[in-house]
Amino acid sequence: MAKITYVEHNGTEHVVEVANGLTVMEGARDNNIPGIEADCGGACACSTCHVYVDPAWTDKIPAKDDMEEDMLDFAYEPDPATSRLTCQIKVTDALDGLVVKMPEKQI
């Protein structure tokens with residue numbers, strides 16, 4: 001299990017424990033975290049689970065693959081350094097303490 005902090009665009013924080021093997025997106029969905037819509041259900045076929053990973057964590061999570069890079073082109077105000085799709089980040093013990101921030105909106 002990893003404790004993950006989801007920060008809404010307005011600054012509201014939600015700290016939840018997410019089981020290993022799930023994705024950060026599934027952790028948000030299963031805990032009713034607003035701001036992550038996940039329209040495609042985690043198939044990396046949309047950008048509605050876009051977040052900004054706290055800069056302290058960008059080097060601690062696996063790198064983006066080409067498909068995620070392509071989908072981020074459709075995200076709202078993507079940041080090349082911190083934008084990620086939460087459906088592509090698998091939870092492990094190493095992610096304990098991860099902080100992700102939601103954009104103003106998902107598109």
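These are my notebook entries on salt bridges, cysteines, aromatic rings, the nonpolar core and one loop residue.

**Entry 1, the model.** I am working from a predicted model, and I keep that in mind for each distance I look up.

**Entry 2, salt bridges.** I asked how many salt bridges the structure holds, and I found three. I began with Glu68 and Arg84, which form a salt bridge with their closest N and O atoms 2.7 Å apart. Glu68 belongs to helix α2 and Arg84 to strand β4 (residues 83-85), so this pair ties together parts that are 16 residues apart in sequence. I then checked accessibility and noted that Glu68 is buried, at 2%, and that Arg84 is buried as well, at 6%.

I next turned to Arg29 and Asp30, whose side chains meet in a salt bridge at 2.9 Å, N to O; here Arg29 is partly exposed at 45% relative accessibility, and Asp30 is partly exposed at 44%. For Lys64 and Glu69 I read a salt bridge of 4.0 Å, N to O, with Lys64 partly exposed at 23% and Glu69 partly exposed at 36%.

**Entry 3, cysteines.** Why do Cys40 and Cys46 not form a bond? I found the sulfur of Cys40 to be 3.6 Å from that of Cys46, its closest cysteine sulfur, which is too far for a bond, because a disulfide needs the two sulfur atoms within 2.5 Å. The structure accordingly holds zero disulfides. I also noted that Cys40 is partly exposed, with a relative accessible area of 27%, whereas Cys46 is buried, at 17%.

**Entry 4, aromatic rings.** I looked for aromatic pairs and the count came to zero. I did find the charged end of Lys60 over the ring of Trp57, 4.9 Å from the ring centre.

**Entry 5, nonpolar core.** I looked up the largest nonpolar core and counted 28 residues in it, with Ile4, Tyr6, Ile36, Val53 and Leu98 having the most contacts inside. The elements that each give two or more residues to this core are β1 (2-7), β2 (13-18), α1, β3 and α2 (66-72). I followed Ile4 further and, leaving aside neighbours within four places in sequence, I listed its contacts as His14, Val15, Val16, Val18, Val24, Val91, Leu95 and Leu98.

**Entry 6, Asn32.** Is Asn32 buried or exposed? I found Asn32 exposed, with a relative accessible area of 67%, and placed this residue in the loop between α1 (24-30) and β3 (50-53). I also read the separation of the C-alpha atoms of Asn32 and His14, which are 18 residues apart along the chain, as 9.8 Å.

Definitions and conventions
Residues are numbered from 1 along each chain as its sequence is written. This is a predicted model: local features need pLDDT of at least 70, side-chain atom pairs count only at pLDDT 80 or more; totals for chains, interfaces and linings use all residues. Side-chain values use heavy atoms; hydrogens and water are left out. Helices (H or I, at least four residues) and strands (E, at least two) are DSSP runs, numbered from the N terminus. Buried means under 20% relative accessible area, exposed over 50%, partly exposed in between (1.4 Å probe, protein chains only). A nonpolar core is a set of buried Ala, Val, Leu, Ile, Met, Phe, Trp, Tyr and Cys residues joined through side-chain atoms within 4.5 Å. Contact means heavy atoms within 4.5 Å. Rings of Phe, Tyr and Trp (its six-membered ring) pair if their centres lie within 6.5 Å; planes under 30 degrees apart count as stacked, over 60 as edge-to-face and the rest as tilted. A charge sits over a ring if NZ of Lys or CZ of Arg is within 6 Å of the ring centre and within 35 degrees of the ring normal.
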